[in-house]
Amino acid sequence: MATTASKYPQHYDDEFEDDDDDDDPSRPLPAGSAEDRLEAVLRRLTADEVRIRVHDVTIRGCARTRRAAAEAAVGQDLARAATVPELLRAAAAAGERLRRLGAFESVSITLDTAPPGVPADARGGAVVVLVDVTEARGRAAGGLGVFANTETRSCSVEGSLRFKNLFGYCETWDASGLLGLDQTMELSVGALIPRIGSIPTPLMAQVSFLSEDWLKSSLREHLMGVSVGLLSTMNHNLAYNLSWRTIIDPARLSSSSIRDQLEHSLLSSIKYTYKIDQRDSSIRPTRGYAFLSSSQVGGLAPDSKNTRFVRQEFDLRVAMPLGVWNGALNAGVAAGVIHPLATGSTCSISSLPERFYLGGNRSLVCRLGGPSSLLGFKSRGLGPTDSQACAPKNSENAAPISPELDALGGDIAVTAFADLSFDLPLKPLRELGIHGHAFVSAGNHAKFTERDIRRFSVTEFLKTFRSSAGFGVVVPTRLFHIEMNYCHILKQFANDRAKTGIQFNFSSP
């Protein structure tokens, strides 16, 4: 058998089907370059279903990576291939699996003749397969930044560390932390192993701790939990989460609607997510669509403090090019509903932290994960509220202080947006990816408990939609996504916390 050495692109299969003139293997090779003759040989071998026998599969280039991890990704299909087309398909699939491990900069698979002395048999000529990999440089990466939150008027220090292929299993170790001047603290440590033996799904585990004050509220939340990934593919993800949550009110000013939920609770839930993203970019999409469906069931552990509910979210995005100034129109709609599974006067109310809260300075385009963003409105800045208890006066002659409002969230939420992006006229800004955009966003949420379902009105729900519009400049960077926007509130109601003016948004790319 002639020696062939090349990577195996998948488009060969289409060429093989159309070359009917090369079906006769006895026809002499066409005159021309060596590359043309090699391609003609490949066509004939494929068209005639030439039988072969794979004598050996050798993986070269593994220094830090354990050979067992690479062999598990390559699999047994290469060794079992009996014809050239089967070998080409198996090589393409094995190369893709190796690249998905994330530990190699390059992967190439080469066919070669077997060493002298290895005879052919009834199954065909003997060949060897050489798998060459180049390991990625640098196993550690990290970042540190100081961010200002204009909404809370505070600063935070955020840092992250990532170790890749530390123990040779192509695993990723992540550690991140956030420390805010408003006494917010968040820590998380996780590990991701892309493949264990013949199990094709990655193994993911993460431990996290969160302590934060709710904005414009006397509440403080502490959460400690662990999350384990049960199934993870390109479109499907199944994870189990176990968290212990505590909500306290150190100042004892919470409203009567919240006071009953100031206790410990155990969240034992399983969450399934289906996601498909066919957009050409997640930062500045110009064409394509994306869809996400998330289903979560809480209350899997037998405990009286266990939070029992079912939660469903949808998110749909569409991007269309305009053909002028590299412009594109992005539109999206998201909806979510949560319903408690327990019965009784207090159990029929959904858990406070699991409800939907709208508002906050988050990007409309980048985030794909259910209803939340509504530019121009503060975090938890709209929807049902309840008055806090009045704070005690410092002196008898002091003027009474009007109580703050506690955001109660909603059991059903809907948001929608339209965003028009376009290039700026300055060439240096275009080269850096800095572009302008104009947007309009709207949304609303409401209670949806058993007693509220009977009097829930879709017409009234649509009439009470809040909305905003504006324009701004988007600065994409490798670490984060910055938006400088001017927001104008189009529609708001009493007790909503919204403001017309300039806002800064920071989000992950």
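## Strands 18, 19 and 20

In this predicted model, G436 has V473, a residue of strand 19, as its bridge partner. That single bridge belongs to a longer pairing, since strand 18 (residues 435-446) and strand 19 are joined in the antiparallel sense over nine bridges. Strand 19 is also joined to strand 20 (residues 481-491), with which it runs antiparallel, and here the number of bridges is 10. Within this second pairing, G472 has N485 of strand 20 as its bridge partner.

Strand 19, which covers residues 466-476, is mostly covered, with eight of its 11 residues counted as buried. As a general point, the strands of a sheet pair through backbone hydrogen bonds, and they do so either in parallel or antiparallel fashion.

## A sheet of three strands and its helix

Elsewhere in the chain there is an open sheet of three strands, whose order is 1-3-2 and whose pairing is mixed. Strand 1 (52-60) and strand 2 (104-113) stand at the edges of this sheet, and because each has a single partner strand, one side of each is left without a neighbour in the sheet. From one strand to the next, the twist averages 20°.

Strand 2 pairs with strand 3 (residues 125-135) in the antiparallel sense, and nine bridges link the two. One example is D112, whose bridge partner in strand 3 is V128. Helix 5, made of residues 84-100, packs on the sheet and touches strand 1, strand 2 and strand 3, while its direction makes about 160° with that of strand 2.

## A buried serine

Is S294 buried or exposed? Its relative accessibility is 5%, and because buried means under 20% relative accessible area, S294 counts as buried. This serine lies in strand 12, which spans residues 288-298.

When residues up to four places away in sequence are not counted, S294 touches K271, Y272 and T273, and it also touches R311, Q312 and E313.

## A nonpolar patch on the surface

A nonpolar patch of about 560 Å² is found on the surface, and the residues that make it are L161, F163, L166, F167, Y169 and W173. One of these residues, F167, is placed in the loop between strand 5 (154-164) and strand 6 (172-180).

How much of F167 is accessible? The relative accessible area of F167 is 48%, and because partly exposed describes values between the buried limit of 20% and the exposed limit of 50%, F167 is classed as partly exposed.

Notes
Residues numbered from 1 in each chain as written. Predicted model: local features only at pLDDT ≥ 70, side-chain atom pairs only at ≥ 80, totals over all residues. Heavy atoms only, no water. Pairing = 2+ DSSP bridges. Helix = DSSP H or I, 4+ residues; strand = E, 2+ residues; numbered from the N terminus. Axes fitted to C-alpha atoms, helices over the stretch in contact; angles between N-to-C directions. Contact = heavy atoms within 4.5 Å. Buried < 20%, exposed > 50% of the residue type's maximum accessible area, 1.4 Å probe, protein only. Patch = residues over 30% accessible without salt bridge, like charges linked within 9 Å, V, L, I, M, F, W, Y side chains within 5 Å. Areas by Shrake-Rupley, 256 points an atom, 1.4 Å probe, with all protein chains shown as cover. Salt bridge = Lys/Arg side-chain N within 4 Å of Asp/Glu carboxyl O.
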